[in-house]
Amino acid sequence: GACCSYRLRDALHPLWQSPLTIPGGTRQSPINIQWRDSVYDPFLKPLKISYDPTTCLHIWNNGYSFLVEFDDSTDRSIIVGGPLENQYRLKQFHFHWGAINDWGSEHTVDSKFYPAELHLVHWNAVEYPSFEEAVMEGNGLAVIGVFLKLGARHEGLQTLVDALPAVKHKDTVIEFDVFDPSCLLPSCPDYWTYAGSLTTPPLTESVTWIIKKKPIEVDEDQLEAFRMLLFTSDGEEEKRMVDNFRPLQPLMDRTVRSSFQ
Ligand SMILES: Clc1ccc(Cc2nnn[n-]2)cc1
Ligand SMILES: [Zn+2]
């Protein structure tokens, strides 16, 4: 029956240790955002972002992406408003990208891929004592997604790109102590929002997604700098870090809301 074919579809993907789809998952990410099916919600507030650049700690190649991690022991870097009931603390940001410019983002808009996507990961420190606990709760995380498109060189991103050769291999870290990630956000306030999940294990359904409508522009050299990173550790056979995005997941019984008409 349907259930067994569904089970059969839980193929193990080479990039993943866990199944591609969570059996019983009803709010998995990423999804395609069909613009015409999104519903304008006039009660959505503007998203308020206040990051303290001195909370930036380091850049780490974790063998899946590169993370820029922040000191989340206080409320110095937070977001509030938008679809959120509480304020959320910035924990880290990272990117997903493709081997070529035709794909790379996790979310798509009207089935169009962007060459890359930025994720700023925040957690609900009002209701939960740690990031690890928030990861397990339906309202534990808030991730801002920003699409990257090919265009002009992004000066703010360049300071990050210049540091990437130092984290070429998996499990390498470099100190990175002043960076304001709000320079990576488009000036347009418009966003879509929906209830979803992490896109890597544990794939928990704990994320309120806030996807910015407008992309930021980066140039080819900056995307190529992402693609020279490695999934592999120093001494192993080199595997370029590319195509680190999860396949699209079914929308199921969800509505994507927009903050704009
Ligand atoms: Cl470095 C890193 C951290 C988390 C994820 C997974 C993810 N979940 N939601 N957005 N990204 C991918 C790479
Ligand atoms: Zn991500």
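## Exercises on a predicted zinc-bound chain

With 261 residues, a compact globule would be expected to have a radius of gyration near 18 Å, and the chain agrees, because its own value is 18 Å. Keep in mind that this is a predicted model.

**Exercise 1. Describe the overall build of the chain: what are its secondary structure, its span and its buried share?**

Solution.
- Step 1: Begin with the secondary structure, which comes to 4 helices and 15 strands.
- Step 2: Next, take the C-alpha trace, which spans about 45 × 40 × 40 Å along its principal axes.
- Step 3: Now turn to burial: 52% of the 261 residues count as buried.
- Step 4: Finish with the contacts that have a separation of 6 or more; residues 24 or more positions apart account for 72% of them.

**Exercise 2. Find the protein donors of the zinc ion (ligand 2) and work out where H94 and H119 sit in the chain.**

Solution.
- Step 1: Look around the zinc ion (ligand 2) for protein donors: they are H94 through NE2, H96 through NE2 and H119 through ND1, at 1.9 to 2.0 Å.
- Step 2: Read their spacing in sequence, which is H-x1-H-x22-H.
- Step 3: Place the pair H94 and H119: H94 belongs to strand 7 (residues 88-97) and H119 to strand 9 (residues 116-123), so the two, 25 residues apart, link distant parts of the chain.
- Step 4: Check burial: H94 and H119 are both buried.

**Exercise 3. Locate the cis peptide bonds at P30 and P202.**

Solution.
- Step 1: Go to the bond from S29 to P30, which is cis with omega near 0 degrees. P30 lies in the loop that runs between helix 1 (2-8) and strand 1 (32-33).
- Step 2: Move on to P201 and P202, joined by a cis peptide bond with omega of about 15 degrees. P202 sits in the loop between strand 12 (191-196) and strand 13 (207-212).

**Exercise 4. L203 is not a glycine; what is its phi, and is L203 buried or exposed?**

Solution.
- Step 1: Read the backbone: phi of L203 is positive, about 55 degrees.
- Step 2: Place L203 in the loop between strand 12 and strand 13.
- Step 3: Apply the cut-off: buried means under 20% relative accessible area. L203 counts as buried because its relative accessibility is 4%.
- Step 4: For another case, try D171, a residue other than glycine with a positive phi near 65 degrees. D171 is in the loop between helix 3 (155-161) and strand 11 (172-175).

How values were computed
Residues numbered from 1 in each chain as written. Chains lettered and ligands numbered in written order. Predicted model: local features only at pLDDT ≥ 70, side-chain atom pairs only at ≥ 80, totals over all residues. Heavy atoms only, no water. Buried < 20%, exposed > 50% of the residue type's maximum accessible area, 1.4 Å probe, protein only. Donors = N, O, S within 2.8 Å, 3.2 Å for Na, K, Ca; no water. Rg over C-alpha atoms; globule rule 2.2 N^0.38 Å. Contact = heavy atoms within 4.5 Å.
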